[in-house]
Amino acid sequence: MIRTVSETYRRWTVRVGVSGAVLTTVVAVALVIAVGNLLGLSSPPYVVLLGALIGISYGLLGVCMTLIFRVSRVINFAQPAVGLLAMAVMPLLTQVLHFPWWLAFLAVIPVGFVVGAACEAVVIRRLMSAPRVVGVVASLGVAGTLASATGYVQNLGVQGADVAPLGPPPGLPGFTIGPLAVTPGYTGLIISAPILTAAIALFLTRSRFGLAVRAAAANPDNARLAGISPALVSALAWGIAGLVSTVSTVFFLGELPADPNDAVFSTSALLPALGAAAIGAFRSMPRALAGGVVIGIVQQIMLWSTDYARFADLAVLVVLLMALVFTRSVHGRGDPVGSWTAVTTWRPLPAPLARLWLVRNYGRLLLLIGFGFIVFLATRDDLSAQRWTTTLCVAVVSLTVALITGLGGELSLGQFGFALLGAGTSFVVVRHTDNFAFGLLTAAVAGCVASLVVGYPSLRARGLTLTILTLAAAVAVPTAFLADPSVLGQGIVTPAQPVVGGIALHAGVPYFLMACVVSLVCAVVAWNVWRGGFGRLIRAARDNEPAAASFGVAVLPARLKLLAITGTIAALAGAVLMHSYTTVTTSSFSTDTNIRIVLAVVMGGLGILYGGPIGVLWLFASAVAQASSADSGTGTSSTLAIYSSALILILLAPGGAAQLLQPVRDVIAIGIGRLGGLRYTLSDLRGERQPKDPDEVVVGPAAERPELPALREIPVPAVAPGTPLLECRDLALGFGAVRAVDGLSLTVNQGEILGLIGPNGAGKTTTFEMIGGFARPSSGTILFDGVDITGRPVHDRARMGLVRSFQYAHLFPTMSVLDVVSLALERQHPTNTTASVLGVDLSVRSRRRVAEEIVAFFGLTPYREARIQELSTGTRRFVEIAALVSMRPRLLLLDEPSSGIAQRECEALGPLLHRLRDQFDLTMVLIEHDIPLVLSLADRVLAMAEGCELALGTPESVRSDPRVIDAYLGAKIETIERSNQPAGAGSSTTGIAPTPQDLGVAAD
């Protein structure tokens, strides 16, 4: 009976999903036509039909991208290229081997499946432990490689002869509607699109393999435990997507002339398919298909109007923005905590070594030497100066990509598009005002505003949508803005040259020197962002967004500030680039430069800021090689070499060239250290030599260590003991039919420790989620110090003094212990973003001094420069406690603080928390399964069961309550004792301060 109901429910869900998508499509198309009529863009019905036909191909690709995103967490930019490569086999079959059309078609479908599955197995699977942005960039490399190789595959066996079109699929009808000819290929597309979409939906909902795909997409770890291989499932999904892409490509492009030179990677060809997937929120395949139809119709309506044709790409951007405004969030798991350690390869140097002047500055000295060499090469003649000016501007744009991706964890494919926006803005302003400085200023403002307009809805929707919107902006800027007759649309134009101090900086050496000054200023700002306090906030949000919010970091505003800074810098670089040309046209700039800059940054290394410029040097060399090879007729070979070399390097070293250069850095630092009398080895610098003797390093505050006057002097509101600090009234929250918390009320008084116990599923963690702000209760009220905080975000609660820990002390894996404590100090000493970006933040030294005091107080000095990822669970837990205390919280929510730590550490944890409570006037609520710990530590204990209060009172009363024993502890009281030790063993039971032996905990 249950199985029948389940099957009926799934069948109803699929039917409603498809019909809902059809209804949404009809409404959206009607709305598009109505808006078009209001704007004077009325078009004949056959134009709408043509758009729908083209949109079906977009929708099919969007369906494939949705399927892959749900399984692999990456946006597959190689999807269209897979279909192109498979279709390129058909001329070999039909024209050389003389296969019938339909037999050749059936033969290339498995080719698409194999190519798609091979992309996953060879490329994506190798990068699953890396951040997902690396997988996305790798798919860009795959796309360029496959598209460049298409011409070679297409010409196999037909060298020296022109490749003829495949021709229409025989047996399918063609017809006309007015002047619109619906070819047999379009007919095949109309027939195949709904069939393929329905087949995929039925496959996912009805078959065992489909169930495995959904299970692996929802929870890979649990799927693996159930005997499902996520790797095999992912390859299957990629193969299915390759099959669908092949079918749509053959029908859509099979009748067009086959020119191998046109089979190159194009960002504008990808955008509609990406937009369709984004409209479906990378979750709904019917919505993705419908979104493709809408995008196709919008494009054709715009192209039908001669006056508005150049705004077709801009219209797609507007459609995406509107779709994301009404999308709460995009489907997909985020980066696993710790994934950024795979690309953040440069560990901090030991403090004594890092303090040496030459070690601190040798990197800058090398950069200055390299920059001086570039100046020498550029100033030989005007032609060299112009080339190096272009390289400098592109390198500055690459710095912005490094900041957004390497520091912020997001991926922008439109930074060069913002540069072109700045270029066009500066061109117009300088032409009308003859004021070059004002032109740069307006360009910077335009880049800043555009970044925020594109960035806000994408960051709000999450799920790598920033990648899609920035790509859309990059495609729209040249066609909608630069092609305007008032900008560059009038043909060949001559940008104005700046005049400084009465000296005209004509294109060549004089202008290059000016560009050097602007580039250096932008590089210094980027360095300040990367290394300063503001960059620490961004890095924390990248590593672990929930933990960053619990530390008081306003994640969305911080990321928007980063986008504003990077948009400003990119637009400045574009303005400088524009005025370096003697003549320029709309064709002087390629949108594919966005893709190559991103590839250059990842090749250089996301772990260091200047990985971007390092990769740009490769980009510059490859561009020169491509230009020369294009003159000799081998441009496709050069393009293939560029993308394949980038892909190979990413696979060998996800951290890029920086990963390969780290040993060189370490050897140089060791050599300099020995000149200064310091002896370190490579093992020391790599963190491979940790203390082995349990008594060698003691973690946790001991009696002989100094107090923390710097923290004790921070004022906190005075509240009398026993005064209610936290009040929760009738809290309730459910997930579907499950009521995780149902009508819970509790009060926490100032200065007390409240223990929260209960069996798994009792609602303890859900209660913490609501109190901490990570979940909004469906009903009820939360008061903190008399203020209603029910609807306040997490970072606001943290700034008020309500701070929570997490069950697993992941913290921020790529950050050092000292950086984590410094981040915690942001609550009392917030970083001024402007001062940090400009490099004049005077609070850096004082904040670092306090952080070092706290690190020393907790016995963590030997680990001060170690990354969190490298520490044992117990040491990480004490780092977390040190950071939480550094925030000077008023109420501390501790989620299983003894989880994952050794018995000796657990025995010392209770006295430690008691001491911290007394020293810093803390109030605590803790969830704990170690019953002796919670009973010896808490003043009151709340036992929960099935989301409700079971018992509340003193530890002894709750411990002996029959309801608690029956519901949670079992029939024997011994089950509450950890390792059969009586409650309170190993800890102070008299309320007197613990001994040093109680507080000293060895690092495991």
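Helices (H or I, at least four residues) and strands (E, at least two) are DSSP runs, numbered from the N terminus. The structure is a predicted model, in which local features need pLDDT of at least 70, side-chain atom pairs count only at pLDDT 80 or more, and totals for chains, interfaces and linings use all residues. Residues are numbered from 1 along each chain as its sequence is written, and side-chain values use heavy atoms, with hydrogens and water left out.

The protein chain holds 40 helices and 16 strands. Of its 1004 residues, 57% are buried, that is, under 20% relative accessible area with a 1.4 Å probe, protein chains only.

Turning to the interior, the largest nonpolar core has 184 residues; such a core is a set of buried Ala, Val, Leu, Ile, Met, Phe, Trp, Tyr and Cys residues joined through side-chain atoms within 4.5 Å. Ile75, Phe77, Leu320, Leu488 and Phe589 touch the most other members. Helix H2 (residues 45-72) is the top contributor to this core, giving 15 residues. A second core, separate from it, has 67 residues, among them Ala541, Phe806, Val850 and Ala883.

On the outside, Leu366, Ile369, Ile614, Leu661, Val664 and Ile668 make a nonpolar surface patch of about 500 Å². Patch residues have over 30% relative accessible area and no salt bridge, and nonpolar side chains (Val, Leu, Ile, Met, Phe, Trp, Tyr) are joined within 5 Å; a salt bridge is a side-chain nitrogen of Lys or Arg within 4 Å of a carboxyl oxygen of Asp or Glu. Areas come from the Shrake-Rupley method with a 1.4 Å probe; for residues, only the protein chains shown count as cover. Helices H15 (357-378) and H27 (656-675) each give two or more residues to the patch, and H27 has the largest share, with three residues. Leu366 lies in helix H15.

Methods
Buried < 20%, exposed > 50% of the residue type's maximum accessible area, 1.4 Å probe, protein only. Patch = residues over 30% accessible without salt bridge, like charges linked within 9 Å, V, L, I, M, F, W, Y side chains within 5 Å.
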